[in-house]
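Reader: Could you walk me through this one, please? I have not looked at it before.

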Amino acid sequence: RALTLSASERSRSAAEAPDGSGFVLGADWYLRSFSADGQLRWQSRLPGAAWAVAYSGDGRWVLAALGDGSIRWFRSGDGREQLAFFVHADHERW
């Protein structure tokens with residue numbers, strides 16, 4: 001099944017849920033969660049491309065490494081962002 005993205009948007013990363021119930025797709029402007037049959041569950045707007053995505057071992061969280069240098073945690077059930085982490089290049093600020 002073809003997945004729908006925004007015009008001119010490209011997917012950059014993907015990860016399968018630990019229980020096989022679905023997957024997340026990291027793209028230029030959105031993080032999207034799909035069921036195993038390709039139905040969109042939720043999408044969250046991102047400030048940069050999601051170059052890497054992963055589920056936590058228990059499947060409760062989706063982590064995304066973005067092009068802006070941040071790592072962000074999203075709830076896997078509804079896609080709401082819960083935490084963002086950024087380490088500054090000077091290694092003294094975060």
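Author: What follows goes from the overall build to the two sheets and then to a few side chains.

Reader: Before we begin, what kind of model is this?

Author: This is a predicted model.

Reader: How many helices and how many strands are there?

Author: The protein has 0 helices and 8 strands, and its pattern along the sequence reads β-β-β-β-β-β-β-β.

Reader: What about the overall dimensions, and how does the radius of gyration sit with a compact globule?

Author: The C-alpha trace spans about 45 × 35 × 15 Å along the principal axes of the protein. For 94 residues, a compact globule would have a radius of gyration near 12 Å, and the protein has 13 Å, which agrees. As for burial, 37% of the 94 residues count as buried.

Reader: What share of the contacts comes from residues 24 or more positions apart?

Author: Among contacts in the protein with a separation of 6 or more, residues 24 or more positions apart account for 23%.

Reader: Let's turn to the sheets. What is the strand order in the one that holds E1?

Author: That open sheet has 4 strands in the order E1-E2-E3-E4, and their pairing is antiparallel. Its edge strands are E1, covering 11-16, and E4, covering 40-45, each of which pairs on one side only. On average, and ignoring direction, neighbouring strands of this sheet are turned by 15° against each other.

Reader: What holds paired strands together in general?

Author: Strands of a sheet pair through backbone hydrogen bonds, and the pairing may be parallel or antiparallel.

Reader: How many bridges are there between E1 and E2, and which residues stand opposite each other?

Author: E1 and strand E2, residues 22-27, pair in the antiparallel sense over 5 bridges. Serine 13 stands opposite glycine 26 in E2, and alanine 15 stands opposite valine 24 in E2. These two strands, E1 and E2, form a hairpin with 5 residues between them, and in its turn glycine 20 has a positive phi of about 75°.

Reader: And which strands make up the sheet with E5 in it?

Author: It is an open sheet of 4 strands in the order E5-E6-E7-E8, again with antiparallel pairing. Strand E5 (50-55) and strand E8 (81-86) are its edge strands, each pairing on one side only. Here neighbouring strands are turned by 20° against each other on average, direction ignored.

Reader: How are E5 and E6 joined?

Author: E5 and strand E6, residues 61-66, run antiparallel and are joined by 5 bridges, with alanine 52 standing opposite alanine 65 in E6.

Reader: Following the chain on from E6, how do E6 and E7 pair?

Author: E6 and E7 pair in the antiparallel sense over 5 bridges, and leucine 63 stands opposite tryptophan 73 in E7. The two strands form a hairpin with 3 residues between them, where glycine 69 in the turn has a positive phi of about 95°.

Reader: And what links E7 to E8?

Author: E7 and E8 run antiparallel and are joined by 5 bridges, with phenylalanine 74 opposite glutamate 81 in E8. They form a hairpin with 5 residues between them, and glycine 79 in the turn has a positive phi of about 80°.

Reader: Which residues of E7 are on its covered face, and which are on the uncovered one?

Author: In strand E7, residues 70-75, the covered face consists of Ser70, Arg72 and Phe74, while the uncovered face consists of Ile71, Trp73 and Arg75. In a regular strand the side chains alternate between the two faces of the sheet.

Reader: Changing topic, how many aromatic pairs does the structure hold?

Author: The structure holds 1 aromatic pair. Phenylalanine 23 and phenylalanine 34 form this pair, which is stacked, with 5.2 Å centre to centre and 20° between the planes. Because phenylalanine 23 lies in strand E2 and phenylalanine 34 in strand E3 (residues 30-35), the pair ties together parts that are 11 residues apart in sequence.

Reader: Is phenylalanine 34 buried or exposed, and which residues does it touch?

Author: Phenylalanine 34 is buried, with a relative accessible area of 3%. Leaving aside residues up to four places away in sequence, phenylalanine 34 touches Leu3, Gly22, Phe23, Leu25, Gln39, Leu40 and Arg41.

Reader: One last thing: what sits over the ring of tyrosine 30?

Author: The charged end of arginine 45 sits over that ring of tyrosine 30, 5.3 Å from the ring's centre.

Conventions. Residues are numbered from 1 along each chain as its sequence is written. This is a predicted model: local features need pLDDT of at least 70, side-chain atom pairs count only at pLDDT 80 or more; totals for chains, interfaces and linings use all residues. Side-chain values use heavy atoms; hydrogens and water are left out. Two strands pair if DSSP finds at least two bridges between them. Axes are lines fitted to C-alpha atoms, for helices over the stretch in contact, and angles run from 0 to 180 degrees between N-to-C directions. Rings of Phe, Tyr and Trp (its six-membered ring) pair if their centres lie within 6.5 Å; planes under 30 degrees apart count as stacked, over 60 as edge-to-face and the rest as tilted. Buried means under 20% relative accessible area, exposed over 50%, partly exposed in between (1.4 Å probe, protein chains only). A charge sits over a ring if NZ of Lys or CZ of Arg is within 6 Å of the ring centre and within 35 degrees of the ring normal. The radius of gyration is taken over C-alpha atoms; the globule rule is 2.2 Å times the number of residues to the power 0.38. Contact means heavy atoms within 4.5 Å.
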